[in-house]
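Me: I would like a close look at a single part of this structure: one position and what surrounds it. Please then follow the connections outward, step by step, into the rest of the chain.

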Amino acid sequence: MRSINPRNVTALQLRGDVRQTLARGTLLQRFGLAKMLLKPCESQYRIVWENPREFDDPASITTPDPNWLACALFGYILPPVEVHLMLKRDAAQTGFENHHRRHFLDTAPTLEPMTEEQAIEYLVKKDLPNHIWDGSYQGNRQILRIVKASSIPANRTFRDAWRVNQEQTA
């Protein structure tokens, strides 16, 4: 497989045959090319979550990187989330030292363009611990919530006391 140099690809070539141009490179090369050619996109959503295994930790807030979100919305760059999950399972094995299947990130077929909501769901599965989102948590608290960025307080004075709001919203 011939790799691409992002510096040699123009926006016109990218528009001509997106799939072939992006599919030739590694994931890192695809990200580099996208960073050069795509405008970063701020998400209107945030992922607020608590880890039930760490009782004293405050709620965590995960914000999508604007460049990553641009890649997800544009499409043909990200591998399926199952590849990331496979690598997470490998890393969780006893005696794990190094990934030997990282090449799947480069060789897996790329995903079609996503909506912002689909991109947030992808990010939840890719970046959050599996026990947060996979349904194995059996407690009576909600530990994961996707909220609008505007609902996160700008004043972070009491940040260490934040918890996921348990009130149901319509």
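Reply: Helices are DSSP runs of H or I with at least four residues, strands are runs of E with at least two, and both are numbered from the N terminus. In this predicted model, Pro109 is placed in the loop between α6 and α7. Pro109 has a relative accessible area of 60%, and because exposed means over 50%, Pro109 is exposed.

What does Pro109 contact, apart from its neighbours within four places in sequence? Its partners are Leu78, Pro79 and Pro80. Another residue to compare is Ile77, which is 32 residues from Pro109 along the chain. The C-alpha atoms of Pro109 and Ile77 are separated by 9.0 Å.

It helps to place this loop in the whole chain. The protein chain has 8 helices and 3 strands, and from the N terminus on they run α-α-α-β-β-α-α-α-α-α-β. Of its 170 residues, 37% are buried. Among contacts with a separation of 6 or more, 71% join residues 24 or more positions apart. The accessible surface comes to about 10800 Å², and carbon and sulfur atoms account for 51% of it.

Leu78 offers a path inward. Leu78 is in contact with Pro109, and Leu78 is also touched by Trp68. Is Trp68 buried or exposed? Its relative accessibility is 10%, and because the limit for a buried residue is under 20%, Trp68 counts as buried.

Trp68 also takes part in an aromatic pair, and the count of such pairs comes to 1. The ring centres of Trp68 and Tyr122 are 5.7 Å apart and the planes meet at 40 degrees; an angle under 30 degrees would be stacked and one over 60 edge-to-face, so this pair is tilted. Trp68 belongs to helix α4 (residues 66-74) and Tyr122 to helix α7 (residues 116-127), so that the pair links distant parts of the chain, 54 residues apart. Tyr122 is buried as well, with a relative accessible area of 6%.

The next step is the nonpolar core to which Trp68 belongs. The largest nonpolar core has 17 residues, and Ile47 and Trp68 have the most contacts inside it. At least two residues of this core come from each of β1 (45-49), α4 and α7. Which element gives the most to this core? That element is α7, with 5 residues.

The contacts of Trp68 fit into this picture. Leaving aside residues up to four places away in sequence, Trp68 touches Phe31, Leu78, Ala119, Tyr122, Leu123 and Lys126. A second, separate core has 6 residues, including Leu27, Val83, Leu87 and Ala108.

Lys126, one of the residues that Trp68 touches, leads on to charged side chains. Lys126 and Asp127 meet in a salt bridge, with 2.8 Å from N to O. Lys126 is partly exposed, with a relative accessible area of 21%. Asp127 is partly exposed too, at 40%.

How many salt bridges does the structure hold? There are 3. One of them joins the side chains of Arg141 and Glu50, at 3.0 Å from N to O. Arg141 lies in the loop between α8 (130-133) and β3 (144-148), and Glu50 in the loop between β1 and β2 (60-62), 91 residues apart. Arg141 is partly exposed, with a relative accessible area of 34%, whereas Glu50 is buried, at 9%.

Another salt bridge forms between Arg101 and Asp90, whose closest N and O atoms are 3.0 Å apart. Arg101 is in the loop between α5 (81-92) and α6 (104-107), while Asp90 is in helix α5, so this pair ties together parts that are 11 residues apart in sequence. Arg101 counts as partly exposed, at 33% relative accessibility.

Finally, the cysteines may be considered. The count of disulfides comes to 0. Cys41 is partly exposed, with a relative accessible area of 25%, while Cys71 is buried, at 2%.

To retrace the path: Pro109 is exposed and touches Leu78; Trp68 also touches Leu78, and Trp68 is among the residues with the most contacts inside the largest nonpolar core.

Conventions:
Residues numbered from 1 in each chain as written. Predicted model: local features only at pLDDT ≥ 70, side-chain atom pairs only at ≥ 80, totals over all residues. Heavy atoms only, no water. Buried < 20%, exposed > 50% of the residue type's maximum accessible area, 1.4 Å probe, protein only. Contact = heavy atoms within 4.5 Å. Areas by Shrake-Rupley, 256 points an atom, 1.4 Å probe, with all protein chains shown as cover. Phe/Tyr/Trp six-rings, centres within 6.5 Å; stacked < 30°, edge-to-face > 60°. Core = buried A, V, L, I, M, F, W, Y, C linked by side-chain atoms within 4.5 Å. Salt bridge = Lys/Arg side-chain N within 4 Å of Asp/Glu carboxyl O. Disulfide = S-S within 2.5 Å.
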